[in-house]
Amino acid sequence: MRAQFVLSEIGVGLRRNLTMTFAVIVSVALSLALFGGSLLMREQVSTMKGYWYDKVNVSIFLCNKQDKETSPNCARGPVTEAQKNEIRAELKQMSIVESVHFETAKEAFKHYKEEFSDSPLAESLTSDQMQESFRIKLKDPEKYKVITTAFAGRPGVQEVQDQKEVVDDLFNLLNGMNYAALGVMTLMLIVALMLIVNTVRVSAFSRRRETGIMRLVGASSFYIQMPFILEAAFAGLLGAGLACVLLVGGYYFLVRNWLADQIHVINFIAGDAVLAKLPLVLAIGLLMPALAALFALRKYLKV
């Protein structure tokens, strides 16, 4: 009988506050969808970092004859064989260096022709205009500054270039988008909590006579609170379920069926990562409104 009474009170409460309950469901759904999206974005950035940092090289570009007129670092003339041998020997002695590849001017010219065959400059360049370089793979890409400090400005070295700086710009952009999503999620979460509190208070106020009678006849606080808490939890669970649908649908249609076909250089996260976040979203959607309702009801039990 008690369970039947609680369930009937939940139905009454939801019908009386249908509009506000709908607003709670939508707010919870949007905030939790943004929360899940932020978690997935963070995991995507970590996956991309692991993939791209493993491919990052540090390049030491050496001076050629043309650089003497155009680069201040090459004012002393093109690199000599002795200077190249000295750089190669020092690189091999460094514990942070995994491998070293020397790219000749002819190899650089060949790679340029392959990558920029459509460029109008490709026909006018010759191999002697290309720079020789050392391509260095590090054991830890975060320590690229060690190479820059050791070789930048040395005789025969035109420039030390680290690809990590280029990749970091992309990651900084993605992290910025993630923080923006977290900010919007926090705002939506606050709105959802305010709606939950107001909905529970309106419901409690409209049923203040019933709760007063129940209090006078000896009903426990927990028994009086239960219908209101379950109303909020039910609305939150519906919102969390809608958020899960948005996350799965967004991943399937936006990522797998569109971005994956458009952008082939990014290793996107698998669908298992999305499914792993759904229980957390459902748990938050269930517990957050219930706790908010419990907090909102304290003053209405003083009858």
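Here is a short chat about a predicted model.

Colleague: Which residues of H4 are buried?
Modeller: Let's start with what we mean by buried, which is under 20% relative accessible area. In helix H4, residues 81-93, the ones that count as buried are Lys-84, Ile-87 and Leu-91.

Colleague: Why do the buried residues of H4 line one face of the helix?
Modeller: Here is a handy rule: an α-helix has 3.6 residues a turn, so residues three or four places apart point the same way. Now look down the axis of H4: its buried residues line one face because they fall within an arc of 65°.

Colleague: Which exposed residues does the face of H4 turned away from its buried side carry?
Modeller: The buried side is covered by elements including E1, strand E2 (97-103) and helix H6 (144-151). Turn to the face pointing away from that side, and you meet the exposed residues Glu-81, Ala-82, Lys-92 and Gln-93.

Colleague: What separates the C-alpha atoms of Asn-57 and Asp-162?
Modeller: You can find Asn-57 in strand E1, residues 57-62. Asn-57 and Asp-162 are 105 residues apart along the chain, yet the separation of their C-alpha atoms is 6.5 Å.

Colleague: Is Val-26 buried, partly exposed or exposed?
Modeller: Val-26 sits in helix H2 and helps to make a nonpolar surface patch of about 520 Å², along with others including Phe-22 and Leu-246. Helices H2 (18-53) and H9 (221-262) each give two or more residues to that nonpolar patch. Because its relative accessibility is 30%, Val-26 counts as partly exposed.

Key: Residues are numbered from 1 along each chain as its sequence is written. This is a predicted model: local features need pLDDT of at least 70, side-chain atom pairs count only at pLDDT 80 or more; totals for chains, interfaces and linings use all residues. Side-chain values use heavy atoms; hydrogens and water are left out. Patches are made of residues with over 30% relative accessible area and no salt bridge: like charges are joined within 9 Å, nonpolar side chains (Val, Leu, Ile, Met, Phe, Trp, Tyr) within 5 Å. Accessible areas come from the Shrake-Rupley method with a 1.4 Å probe; for residues, only the protein chains shown count as cover. A salt bridge is a side-chain nitrogen of Lys or Arg within 4 Å of a carboxyl oxygen of Asp or Glu. Helices (H or I, at least four residues) and strands (E, at least two) are DSSP runs, numbered from the N terminus. Buried means under 20% relative accessible area, exposed over 50%, partly exposed in between (1.4 Å probe, protein chains only). The expected span of a helix is 1.5 Å times one less than its number of residues. The arc is that of the directions from the helix axis to the C-beta atoms. Contact means heavy atoms within 4.5 Å.
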